[in-house]
Amino acid sequence: VLTWQSLPFPTYYASTCGGHTTEAQNSQLDPAHAAGPLSGVPCKYCTTSPKYRWTKRVADADLIAGLKARGYAVLEPLTAITVTELGRGGWAKQVGVAYGTGQAVRTLPGVQFRSAAGLLSHHLLDVRRVDGGFEIDGAGWGHGVGMCQWGSFEMGKRGFGETDILRSYYPGCSFTRVY
């Protein structure tokens, strides 16, 4: 089994990291005792994924409803969305949503914003105000923690072995016989 400091750990994986994985805490996942191998690493192999880069338009009404459903009340008009804190690899750790005539800002974890906005990931590259909503450019698909499936697939096609692939996405890990 894959271990960190002689103990098994949660080997998270996601479809596409968009060029860099992120740390488990940024995606509100529990790293258990293994923050080291779940801290995020660069990945140059997932560029072939159809979700490597994406753009989504999110209507104000849909975003307001999504935020409200998750306990983040905001009022119209929505005026801006900004990434206020970045996690490892450029993933949004905190996102601010400016709203109302007084320009109040509601801050929430990037992973919660992803869910509220119906995005593929919280690896946000650019946010633009458009008529009736926002256009968001992002990277990757999933929570972005651990092994990038598209990256590992491409590494395998290029001749990397399974242990090399796992060690690249879970740095410092060991393989331990448990029987």
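Select Leu-124 in this predicted model. Leaving out residues within four places in sequence, Leu-124 is in contact with Trp-54, Val-83, Gly-90, Ala-92, Val-95, Phe-113, Leu-119, Ile-136, Asp-137 and Gly-138.

Next, add Leu-63, Leu-67, Leu-78, Phe-113, Leu-119 and Ile-136 to the selection. Together with Leu-124, these residues touch the most other members of the largest nonpolar core, which has 21 residues. Which elements give two or more residues to this core? They are strand 4, helix 1, strand 5, strand 6 (92-99), helix 2 (110-117) and strand 9 (133-139). Colour strand 6 separately: with four residues, strand 6 supplies the largest share of this core.

Now select Val-145, Met-147, Cys-148 and Cys-173. These are among the 20 residues of another core, which lies apart from the largest one.

Keep Cys-173 on screen and select Thr-3, in strand 1. Cys-173 is one of the residues that Thr-3 touches, not counting those up to four places away in sequence; the others are Pro-8, Phe-9, Ser-174 and Thr-176. Show the side chains of Thr-3 and Thr-176, which make a polar contact at 2.7 Å. Is Thr-3 buried or exposed? Its relative accessible area is 2%, under the 20% limit, so Thr-3 counts as buried.

From strand 1, move along the chain to Ser-6, in the loop between strand 1 (2-4) and strand 2 (7-8). Check the backbone here: Ser-6 is not a glycine, yet its phi is positive, about 70°. Most residues other than glycine have a negative phi. Ser-6 is exposed, at 64% relative accessibility.

A second positive phi can be found at Gln-28, where the value is near 55°. Gln-28 sits in the loop between strand 3 (13-14) and strand 4 (53-59). With a relative accessible area of 45%, Gln-28 is partly exposed.

For another backbone feature, select Glu-76 and Pro-77. The peptide bond that joins them is cis, with omega about -5°. Most peptide bonds are trans. Pro-77 belongs to the loop between helix 1 (60-69) and strand 5 (78-86).

Finish on the surface with Val-1, Val-178 and Tyr-179. These residues form a nonpolar patch there, and their accessible area together is about 390 Å². Centre the view on Val-178, in the segment after strand 11 (174-175). Val-178 has a relative accessible area of 58%, over the 50% limit, and therefore counts as exposed.

Terms used: Residues are numbered from 1 along each chain as its sequence is written. This is a predicted model: local features need pLDDT of at least 70, side-chain atom pairs count only at pLDDT 80 or more; totals for chains, interfaces and linings use all residues. Side-chain values use heavy atoms; hydrogens and water are left out. Patches are made of residues with over 30% relative accessible area and no salt bridge: like charges are joined within 9 Å, nonpolar side chains (Val, Leu, Ile, Met, Phe, Trp, Tyr) within 5 Å. Accessible areas come from the Shrake-Rupley method with a 1.4 Å probe; for residues, only the protein chains shown count as cover. A salt bridge is a side-chain nitrogen of Lys or Arg within 4 Å of a carboxyl oxygen of Asp or Glu. Buried means under 20% relative accessible area, exposed over 50%, partly exposed in between (1.4 Å probe, protein chains only). A polar contact is a pair of N or O atoms within 3.5 Å; within protein, one must be able to donate a hydrogen and the other to accept it, and residues adjacent in sequence count only if both atoms are side-chain atoms. Contact means heavy atoms within 4.5 Å. A nonpolar core is a set of buried Ala, Val, Leu, Ile, Met, Phe, Trp, Tyr and Cys residues joined through side-chain atoms within 4.5 Å.
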